[in-house]
Amino acid sequence: MLKDGIGEGSEFSGYHPWVNLTYYILAIGITMFSLSPWFLAATFVSSWLYSVLLRGRGVIKMNLIFSFWTLVIMAGINVLFTHNGATVFFYIRGNGVTLEALIYGVSAAVMLISVIIWFVSFNVIMSADKLIFIFGKAAPVLGLTMSMIFRYVPLLKDRFQEIRMGQACLGRSSGKGFIGKMRQFGKEASILVSWSLESSIESADSMEARGYGLRGRTSFHLYKFTRRDTVLLLLMIILGAIVVAGCALGKTTVWFYPVYVLGNFDLMTAVTLAAYVLLLFLPIIIDISGEVRWKRSSLEM
């Protein structure tokens, strides 16, 4: 399960598109406004676990590289350009490097990393069909644009691998020396761009011929709002309301300047954090339980 990931066949992906979208709105939206270390740790760990669960172990390396460089760059930039804070480590040309600036840079980096990694699993759960279903009637252009954006990067990656394989079959997989390799890479990139432009023109003509975006046009879908969708949606809304109420009461607020001050961890903070953790881990629990049930049923057969 963890080697290749469960992908679009996950149990949570089988829920109604509005349920999936509501989860990511709550998870990503709350993450963007929570700089408390407890809440950052919760969203960071859950986003990592869910991306690995869906994409497999291959995504770990990508997440590690992205997380490391984002953390280093954002923390370094904030330390070098922000000199607020009472705890000074040392001075660079009269400008103090402070502990508070470092903590803020690390916190902001963890928040950004978590948001980006959430979009890794979002790209798996929210397929193009779901985005078109949600935005197709109200904003057909937006729905098509969003589906194409989230599909664009993996599509280019697959096409580039296919181009490279074709070049290898022709004996042009690698040039001699650095100049030769760069020249071969330029040829492959040129083929990729030409292929993508031609494909985009064909897609545009095809969508126009099918009347996409015209008033009164209907689309076929198999999505039905069932009882389990209602139960999960109500549970997410209740948990999200608890977390939003805690945020409004300042339970996720942190003061970085002039000194780092973390609010008291009282009962309301614990309730807010517990609701937030349960909200974030809901799809992980659903997918793991679904995989366990599937394996048990296959063994019984």
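Start with the outside: the accessible surface of the protein adds up to about 18200 Å², and carbon and sulfur atoms own 68% of it. Keep in mind that what you have on screen is a predicted model. Of the 301 residues in the protein, 36% are buried. As for how the chain folds back on itself, take the contacts with a separation of 6 or more: 76% of them join residues 24 or more positions apart.

Now for the layout. The secondary structure consists of nine helices and four strands. Going along the sequence, you meet them in the order α-α-α-β-β-α-α-α-α-α-β-β-α.

Let's walk into α2 first. Helix α2 has 19 residues, which should span 27 Å at 1.5 Å a residue, and the distance between its end C-alpha atoms is 27 Å, in agreement. Its buried residues are Phe39, Leu40, Ala42, Thr43, Ser46, Ser47, Trp48, Tyr50, Ser51, Val52, Leu53 and Leu54. Just past the end of α2 sits Gly56, with a positive phi of about 90 degrees.

Then comes α3, which covers residues 58-81. Helix α3 has 24 residues and runs 36 Å from first C-alpha to last, close to the 34 Å expected at 1.5 Å a residue. The buried residues here are Val59, Asn63, Ser67, Thr70, Ala75, Asn78 and Val79. What lies on top of them? The cover includes α2 (37-55), β2 (95-98) and α4 (99-125).

Asn63 is a good place to zoom in on α3. Its relative accessibility is 2%, so Asn63 counts as buried, the cut-off being under 20%. Setting aside neighbours within four places in sequence, Asn63 touches Trp48, Ser51 and Ile117. Trp48 and Ser51 are themselves on the list of buried residues in α2.

On to the rings. Searching the whole structure turns up 10 aromatic pairs. One of them joins Tyr24 and Phe122: the ring centres are 5.2 Å apart and the planes stand at 90 degrees, so this pair is edge-to-face. Tyr24 belongs to helix α1 (residues 17-31) and Phe122 to helix α4, so the pair ties together parts that are 98 residues apart in sequence. Are these two partners buried or exposed? Tyr24 is buried at 3% relative accessibility, and Phe122 is buried too, with a relative accessible area of 5%.

Phe44 and Trp48 make another aromatic pair, this one tilted, with 6.1 Å from centre to centre and 45 degrees between the planes. Both sit in helix α2, four residues apart, so about one helical turn separates them. Phe44 is partly exposed, with a relative accessible area of 25%, whereas Trp48 counts as buried at 16% relative accessibility.

Ring pairs also build a cluster, made up of Phe12, Tyr15, Tyr23, Tyr24, Trp118, Phe119 and Phe122. Tyr15 has a charged companion as well: Arg228 lies over the face of its ring, at 4.0 Å from the ring centre.

Arg228 has a second role in the charge picture. How many salt bridges does a search of the whole structure find? Just one, and Arg228 forms it with Glu11, the closest N and O atoms being 3.2 Å apart. Arg228 is in helix α8 (residues 227-248), while Glu11 is in the segment before α1, so the pair ties together parts that are 217 residues apart in sequence. Arg228 is partly exposed, with a relative accessible area of 34%, and Glu11 also counts as partly exposed, at 26% relative accessibility.

A last stop is another arginine, Arg159, in helix α6 (residues 140-169). With a relative accessible area of 11%, Arg159 is buried, because the cut-off for that is under 20%. Leave out the neighbours within four places in sequence, and Arg159 is in contact with Leu192, Trp195, Ser196 and Ser199. Take Leu192 from that list: it is 33 residues from Arg159 in sequence, and their C-alpha atoms are 7.0 Å apart in space.

Notes: Residues numbered from 1 in each chain as written. Predicted model: local features only at pLDDT ≥ 70, side-chain atom pairs only at ≥ 80, totals over all residues. Heavy atoms only, no water. Helix = DSSP H or I, 4+ residues; strand = E, 2+ residues; numbered from the N terminus. Expected span 1.5 Å × (residues − 1). Buried < 20%, exposed > 50% of the residue type's maximum accessible area, 1.4 Å probe, protein only. Contact = heavy atoms within 4.5 Å. Phe/Tyr/Trp six-rings, centres within 6.5 Å; stacked < 30°, edge-to-face > 60°. Lys NZ or Arg CZ within 6 Å of the ring centre and 35° of its normal. Salt bridge = Lys/Arg side-chain N within 4 Å of Asp/Glu carboxyl O. Areas by Shrake-Rupley, 256 points an atom, 1.4 Å probe, with all protein chains shown as cover.
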